[in-house]
Amino acid sequence: MSEKKTLVKRLNQTKAFKGLTEKELSWVLYDVGNSAYTMLACSLIPIWFKSLAIGTNPGQITSDQATAYYSIAISIVTIVVALLGPICGAMSDNKDKKKIWFSSSVALGVGGCILNGFAFEWVFFIVMFVITKIFYSASQVFYDSMLVDVTSEDRMDEVSSYGYGWGYIGSCIPFVIALVAYILGPDMLGIIPGKVSVILGFTVTAVWWLIVSLPLMKGYKQTHYVEHNEHAVRKSLLKIFHTIKHIALHDKKVFWFLIAFFLYIDGVGTIIDNCINIGTDLNLDTVGQVVCLLCTQVVAFGGALVFAKLSRKYKTVDLLLVCIVGYFCVCLYALTLHTLVGFAILAFGVGCFQGSIQSLSRSYFTKIIPPENSAEYFGLYDIFSKGASFLGSAVIAWVKLAGGTINIAVAAMAIFFFFGFIFLKIADKKEGARA
């Protein structure tokens, strides 16, 4: 028996993962792996970027410009992923292709993460960040579509929530190492100077991401697929346009859900990507912000598991509506944010709904699409997921470059949640083509 399979079996026997099959657990573990990079991107990467970019030396920029350029970089990622996602998704629907595409995107993302640690000039740093984030996001297209192959429909809500929940907790392990190196590095008698602490943070995260992904990379079996066709790229593009047309004309439930999802997930992604920028623009203590975000991971873990249990009793769409209302309130609360305590309250509110709104959206979408075309549909789903944050990040950049406050920029996200709520209610009343 392989060491990786032994690890999965041992974890499956623990109380925390009891009840998950080996396939489900391997799938959940990838969330534990890639969430480490998500946590780094939400916390320390913006800090490291601003430490390189902000200053009076030739080539350096102001704090407002750094916030705007970082948001623009995120927008570039979302556009690229939005364009590539459907193509990769449709191609990976072919027999035995999904595993290859998934493993390749993970390997390239891990490699980019390591190289990012060696970028000591801000332009190169942000370029490597964009490249790594693209491959990370691409791996999510394939990963999300794997859910239909690893579990049954009646368990999708719970397994999806476990992925996000344990992802939040698991991401804390490599992040704590990176955080300790960041905090103590300059004071450790030169043993870990600032640049080495950055290299250590990226490398530890990349290694964790790779190792925890290995069980899924090895053990995944694609059970829903279409037979391989020649000229895959051209046919995939044609198939995508056919799918878009089919959804718009014949599957109103998916159509209205994707519009709703595009709106409310925009706010979610923007807040996650810019959480540190909120605190730094308000001149809050940097270490205090990062500690708050670390605690938020624990809150998000609990929130995801609570909603996973609630999904057994309540409709998925009703739980999604609760999460949307929660985020709407968080955005309006940002108008009053001026202190570290206020930042902690905001982070707590985000944590309560962060994992739940993502996991429930993923499992709800899985239930209403044809399983044999899951990767193709999830390619479209990721246009609205990864591509949606383009609008939110553009709003952040526009407000900052126009001289507005970060409080106003975050509060503006409330409009996305308002209309997302309305369109999700419409989607819930429509008849789905799958039904």
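Helix 5 buries Lys-98, Phe-102, Ser-103, Ser-105, Val-106, Gly-109, Val-110, Gly-112, Cys-113 and Asn-116 in this predicted model. An α-helix has 3.6 residues a turn, so residues three or four places apart point the same way. The buried set includes Phe-102, Val-106, Gly-109 and Cys-113, and reading along the helix in such steps is a convenient way to follow its covered side. The helix runs over residues 98–116, and its 19 residues should span 27 Å at 1.5 Å a residue. The end C-alpha atoms are 27 Å apart, so the span agrees with the expected one.

Lys-98, one of the buried residues of helix 5, also leads to another part of the chain, since it is among the residues that Ser-374 touches. Ser-374 lies in helix 17, which covers residues 374–386. Is Ser-374 buried or exposed? Its relative accessible area is 1%, and because buried means under 20%, Ser-374 counts as buried. Leaving aside residues up to four places away in sequence, Ser-374 is in contact with Asp-93, Lys-98, Ser-145, Val-148 and Ile-369. Of these contacts, the one with Ser-145 bridges 229 residues of sequence, with the two C-alpha atoms 5.4 Å apart.

Helix 17 can be followed further, to Ser-385. The C-alpha atom of Ser-385 is separated by 6.3 Å from that of Phe-262, although their positions lie 123 residues apart along the chain. Phe-262 itself is placed in helix 12. With a relative accessibility of 24%, Phe-262 counts as partly exposed.

Helix 12, residues 252–273, is also one of the elements that cover the buried residues of helix 15. The cover of helix 15 further includes helix 8 (156–170), helix 14, helix 16 (340–368), helix 19 (406–411) and helix 20 (414–429). Which residues of helix 15 are buried? They are Thr-316, Val-317, Leu-319, Leu-320, Leu-321, Cys-323, Ile-324, Gly-326, Tyr-327, Val-330 and Cys-331. Helix 15 has 18 residues, from 316 to 333, and reaches 26 Å from its first C-alpha to its last. That length is close to the 26 Å expected at 1.5 Å a residue.

Helix 14, part of the cover just described, spans residues 286–310 and follows a loop that begins after helix 13 (275–281). Asn-283 lies in this loop. The phi angle of Asn-283 is positive, about 60°, although the residue is not a glycine. Asn-283 is exposed, with a relative accessible area of 70%.

Two aromatic residues show contrasting surroundings. Phe-175, in helix 9 (residues 172–184), has a relative accessible area of 1% and is buried. Beyond residues up to four places away in sequence, Phe-175 touches Met-39, Ser-43, Leu-44, Val-290 and Leu-294. Phe-175 and Val-204 are 29 residues apart in sequence, and their C-alpha atoms are 8.3 Å apart. Trp-398 is found in helix 18, which runs over residues 389–401. At a relative accessible area of 63%, Trp-398 is exposed. In sequence Trp-398 is 326 residues from Ile-72, while the C-alpha to C-alpha distance between them is 9.6 Å.

These residues belong to a protein with 20 helices and zero strands. Among contacts between residues at least 6 apart in sequence, 83% join residues at least 24 apart. Of the 435 residues, 57% count as buried. The protein exposes about 17400 Å², and carbon and sulfur atoms supply 70% of that area.

The interior also holds enclosed space. How many cavities of 30 Å³ or more does a search of the whole structure find? The search finds one, with a volume of about 740 Å³. Its lining is made up of 41 residues, and Thr-38, Tyr-136, Gly-269, Ile-272 and Gln-358 are the ones that lie nearest its centre. By class, the lining has 22 nonpolar, 13 polar and six charged residues.

How values were computed:
Residues numbered from 1 in each chain as written. Predicted model: local features only at pLDDT ≥ 70, side-chain atom pairs only at ≥ 80, totals over all residues. Heavy atoms only, no water. 1 Å grid on protein atoms, 1.4 Å probe; cavity = no way out; pocket = protein on both sides within 12 Å on 5 of 7 lines; lining within 4 Å. Points joined across faces, edges and corners; volume = space filled by probe spheres on them. Nonpolar A, V, L, I, M, F, W, Y, C, P; charged D, E, K, R; others polar. Helix = DSSP H or I, 4+ residues; strand = E, 2+ residues; numbered from the N terminus. Expected span 1.5 Å × (residues − 1). Buried < 20%, exposed > 50% of the residue type's maximum accessible area, 1.4 Å probe, protein only. Contact = heavy atoms within 4.5 Å. Areas by Shrake-Rupley, 256 points an atom, 1.4 Å probe, with all protein chains shown as cover.
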